[in-house]
Amino acid sequence: MLFDKVKAFVVLLDGASAGSEPVFSGGQAVAGRVLLELAGPARVSSLKLRARGRAHVHWTESRSAGSSTAYTQSYSERVEVVSHRATLLAPGTGETTTLPPGRHEFPFSFQLPPTLVTSFEGKHGSVRYCIKATLHRPWVPARRTRKVFTVIEPVDINTPALLAPQAGAREKIARSWYSNRGLVSLSAKIDRKGYTPGEVIPVFAEIDNGSTRPVLPRAAVVQTQTFMARGARKQKRAVVASLSGEPVGPGRRALWQGRALRIPPVGPSILHCRVLHVDYALKVCVDIPGSSKLLLELPLVIGTIPLHPFGSRSSSVGSHASFLMDWGLGILPERPEAPPEYSEVVPDEEVAAMEQSLLPLLQDPDMSMEGPFFAYIQEFRYRPPPLYSEEDPNPPSEARRPRCMTC
């Protein structure tokens, strides 16, 4: 029997190491080998390989057809994103070959499509990639083995759209069943739209509480999984990171100047699949006692390629500067301050001491004006003074103007 003779039958991928498996992206080549180890000679009809990637969604909903009749509606959809077939061993139609005992390896390689969907496991759907090998032998059931591999499509946040600041504002009147209690307003802003796991989102927000009760501001990163089939949608939301602020009292105003919200290890955004999406958003809300919460949502994209320290420096620094200026953070004074007087920095006693220490050196007859000491002095003697501004905002008066010592 074949089952008695097969000691090992597995699919191995090149690039795998102890405790880790290779990760692929669109356009790359997947290479590996099928390992077959036999305890004795075995007749084989064929050894076939199939690689496939599939995005699949499925869920059910209860429906009512009347007062006493109910049924279950099923929604299902799938998209094939990878399909590759290969025959690794085929003696011929209707023929067999006998493999001797021992270890046999059958290499394979195939190219992935240019664009793929990131591997994903959700409540109502998944994106899975696997390689399946099937060993056929006469008069014996087929033997199968499979290997799952991971695909992560790169999402580069170094693009103008993902480096642009995101901002918004909301307000509402805090109401109860008997009266209005005042206006609560919220405005929030983040410096860009794209982030990667492990980064910190600095949240800038302003909360103005015009009601008669304290309110509580909060912020959270929310993941939304959207599954689509037969024209219907199913969504599942989860909070992946959150923070809470201090309560804002009645008639008070609070300002968040970059509250840190760290992104945990989460999967990247999936935006271009026909049957499922994975989206992220920063939600800033204000809990109002006795009324519905005030909610502001700013879209996020979680990428795989982090912010480049050099390539996007000019654009990111410029947008960040305007971002801070818009919020009144880092505003420069209208007129620069005048530089201090020399006498204010160096006391008269220290000046006198310096002159006494230099006098013996200058009176030395062996000291030539062409020496390195005076070359050093000459180098700095004719350098222009430090530039504080294009025009001195506090020019000295004629009475206080110092006499030039080199004229």
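**Strands, loops and a pocket in a predicted model**

Lys48 lies in strand S5. The model that holds this residue is predicted. Strand S5 spans residues 46-64. Lys48 is partly exposed, with a relative accessible area of 41%. Several residues distant in sequence meet Lys48. Leaving aside residues up to four places away in sequence, Lys48 touches Ala86, Thr87, Lys132, Ala133 and Thr134. His136 is 88 residues from Lys48 along the chain, yet the two C-alpha atoms are separated by 8.3 Å.

Strand S5 also holds Glu61. Glu61 has a relative accessible area of 18%. The cut-off for a buried residue is under 20%, so Glu61 counts as buried. Its contacts, not counting residues up to four places away in sequence, are Tyr71, Thr72, Gln73, Tyr75 and Lys234. Tyr75 is 14 residues from Glu61 along the chain. The C-alpha atoms of Glu61 and Tyr75 are 8.2 Å apart. Strand S5 thus carries a partly exposed lysine, Lys48, and a buried glutamate, Glu61.

The chain as a whole can be described next. It contains six helices and 20 strands. It has 407 residues, and 35% of them are buried. The accessible surface comes to about 24700 Å². Carbon and sulfur atoms account for 53% of that surface. Contacts between residues at least 6 apart in sequence were also examined. Of these, 71% join residues at least 24 apart.

Two residues with positive phi come next. Trp139 is not a glycine, although its phi is positive, at about 65 degrees. It sits in the loop between strand S10 (125-137) and strand S11 (140-151). Trp139 has a relative accessible area of 86%. Exposed residues are those over 50%, so Trp139 is exposed. Arg230 is not a glycine either, and its phi is about 55 degrees, also positive. Arg230 is placed in the loop between strand S16 (216-229) and S17. Strand S17 covers residues 232-244. With a relative accessible area of 54%, Arg230 is exposed as well.

Strand S11 follows the loop of Trp139. Arg143 is found in strand S11. At 24% relative accessibility, Arg143 counts as partly exposed. In sequence, Arg143 and Val6 are 137 residues apart. In space, their C-alpha atoms are 9.5 Å apart.

Strand S17 is followed by another loop, which leads to strand S18 (253-262). Gly245 is found in this loop. Gly245 is buried, with a relative accessible area of 9%. A loop position is therefore no bar to burial here, as Gly245 falls under the 20% limit. Not counting residues up to four places away in sequence, Gly245 touches Leu216, Pro217, Trp256 and Arg259. Leu216 and Pro217 belong to strand S16, while Trp256 and Arg259 belong to strand S18. Ala219 is 26 residues from Gly245 in sequence. From C-alpha to C-alpha, the distance between Gly245 and Ala219 is 8.3 Å.

The last feature is a pocket. Rolling a probe the size of a water molecule over the atoms shows where empty space is left. The second largest pocket has a volume of about 350 Å³. It is lined by 15 residues, and those closest to its centre are Leu116, Val117, Glu153, Leu271 and His272. By class, nine of the lining residues are nonpolar, four are polar and two are charged. Two domains contribute to this lining. Domain 1 (6-151) and domain 2 (160-302) each supply at least three residues. Among the residues closest to the pocket centre, Leu116 and Val117 fall within the bounds of domain 1, and Leu271 and His272 within those of domain 2.

Methods: Residues numbered from 1 in each chain as written. Predicted model: local features only at pLDDT ≥ 70, side-chain atom pairs only at ≥ 80, totals over all residues. Heavy atoms only, no water. 1 Å grid on protein atoms, 1.4 Å probe; cavity = no way out; pocket = protein on both sides within 12 Å on 5 of 7 lines; lining within 4 Å. Points joined across faces, edges and corners; volume = space filled by probe spheres on them. Nonpolar A, V, L, I, M, F, W, Y, C, P; charged D, E, K, R; others polar. Domains from an automatic or database assignment. Helix = DSSP H or I, 4+ residues; strand = E, 2+ residues; numbered from the N terminus. Buried < 20%, exposed > 50% of the residue type's maximum accessible area, 1.4 Å probe, protein only. Contact = heavy atoms within 4.5 Å. Areas by Shrake-Rupley, 256 points an atom, 1.4 Å probe, with all protein chains shown as cover.
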